[in-house]
Amino acid sequence: MKQKGIQDLQFGPDGLLPAIVQDVHTREVLMLAYMNRQALERTLATGRTWFWSRSRQQLWNKGETSGHYQLVREIAYDCDADALLIKVEQVGVACHTGEYSCFHNRLSFGEREEQESLAGSEILVELWRVIKERQETRPEGSYTAKLFNQGLDKILKKVGEEAAEVIIAAKNRQPEEVAWEAADLIYHLWVLLAEQGMEPARVYRELAKRR
């Protein structure tokens with residue numbers, strides 16, 4: 001990979017570069033913002049993202065008021081050196097609406113249903129968001145809230161039961177049952193992570209180290 005200094009980047013006539021921010025673990029695109037030279041210099045110096053607000057005409061440090069900051073792990077530039085890709089560890093959520101990614105809205109595509117199922121890492125992010133929300137609010141009638149209220153032993157019991165169900169389904173060569181039970185297992189594992197005060201990113205880092 002070629003290396004460039006800030007002086008080699010092609011800032012636009014307004015002195016800005018578009019910066020795409022991506023989750024370093026899930027590769028989900030989190031947001032699009034703009035950087036001028038000073039914002040990029042501060043990002044490199046602090047290891048946290050800084051941007052230029054076009055509406056307020058001032059620098060802003062992502063997470064300065066919300067606490068949902070971004071730890072920079074890698075910065076790449078495109079072939080024309082006029083756009084940045086910033087890979088980060090996201091602490092909290094990236095979007096001011098409370099969604100994990102700013103790109104959470106979906107356009108209908110041809111005759112596809114608008115409520116098409118999320119795929120890949122996106123559904124894991126959505127699952128984690130819902131579990132954390134249930135843990136914090138404990139709404140009446142919520143199964144997830146009930147698990148948290150019943151405590152660690154109940155959660156561990158469910159993890160064990162669901163792992164056994166996966167084994168039985170696989171042993172019986174029942175693909176649909178394997179998928180169903182595997183989904184139950186992943187859900188209960190995510191509940192366990194939340195109970196332990198851990199973020200999925202910690203698991204992703206461990207997996208990355210083993211790659």
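## An aromatic pair in domain 1

Trp-60 has a relative accessibility of 23% and therefore counts as partly exposed, since that class lies between the limits of 20% and 50%. Phe-51, by contrast, has a relative accessibility of 0% and so counts as buried. These values, like those that follow, belong to a predicted model.

A search of the whole structure yields two aromatic pairs. One of them joins Phe-51 and Trp-60, with ring centres 5.1 Å apart and an angle of 40° between the planes, and it is classed as tilted. The pair is tilted because planes under 30 degrees apart would count as stacked and planes over 60 as edge-to-face.

## Division into domains

The protein chain is assigned two domains: domain 1 covers residues 6–90, and domain 2 covers residues 121–209. Their C-alpha centres are separated by 33 Å. Four residues of domain 1 and six residues of domain 2 take part in the contact.

## Buried area between the domains

The size of an interface is often expressed as the accessible area lost when the parts come together. Between domain 1 and domain 2, about 480 Å² is buried, and carbon and sulfur atoms account for 64% of this area. On the side of domain 1, 85% of the area buried against domain 2 comes from His-25, Thr-26 and Glu-28, a share that exceeds that of any other three residues.

## Polar and charged features of the interface

Which residue forms a salt bridge with Glu-89? The partner is Arg-205, and the closest N and O atoms of the two residues are 2.9 Å apart. This distance satisfies the salt-bridge criterion because the cut-off between the side-chain nitrogen and the carboxyl oxygen is 4 Å. One salt bridge is found across the interface of domain 1 and domain 2.

The interface also has one residue pair in polar contact, with both residues at pLDDT 80 or more. Sorted by class, the residues of domain 1 that touch domain 2 comprise two polar and two charged residues, with no nonpolar residue among them.

Definitions and conventions:
Residues are numbered from 1 along each chain as its sequence is written. This is a predicted model: local features need pLDDT of at least 70, side-chain atom pairs count only at pLDDT 80 or more; totals for chains, interfaces and linings use all residues. Side-chain values use heavy atoms; hydrogens and water are left out. Domain bounds come from an automatic or database domain assignment. Contact means heavy atoms within 4.5 Å. Buried area is the accessible area (1.4 Å probe) that two parts lose on being put together, summed over both. A polar contact is a pair of N or O atoms within 3.5 Å; within protein, one must be able to donate a hydrogen and the other to accept it, and residues adjacent in sequence count only if both atoms are side-chain atoms. Ala, Val, Leu, Ile, Met, Phe, Trp, Tyr, Cys and Pro count as nonpolar, Asp, Glu, Lys and Arg as charged, and the others, Gly among them, as polar. Rings of Phe, Tyr and Trp (its six-membered ring) pair if their centres lie within 6.5 Å; planes under 30 degrees apart count as stacked, over 60 as edge-to-face and the rest as tilted. Buried means under 20% relative accessible area, exposed over 50%, partly exposed in between (1.4 Å probe, protein chains only).
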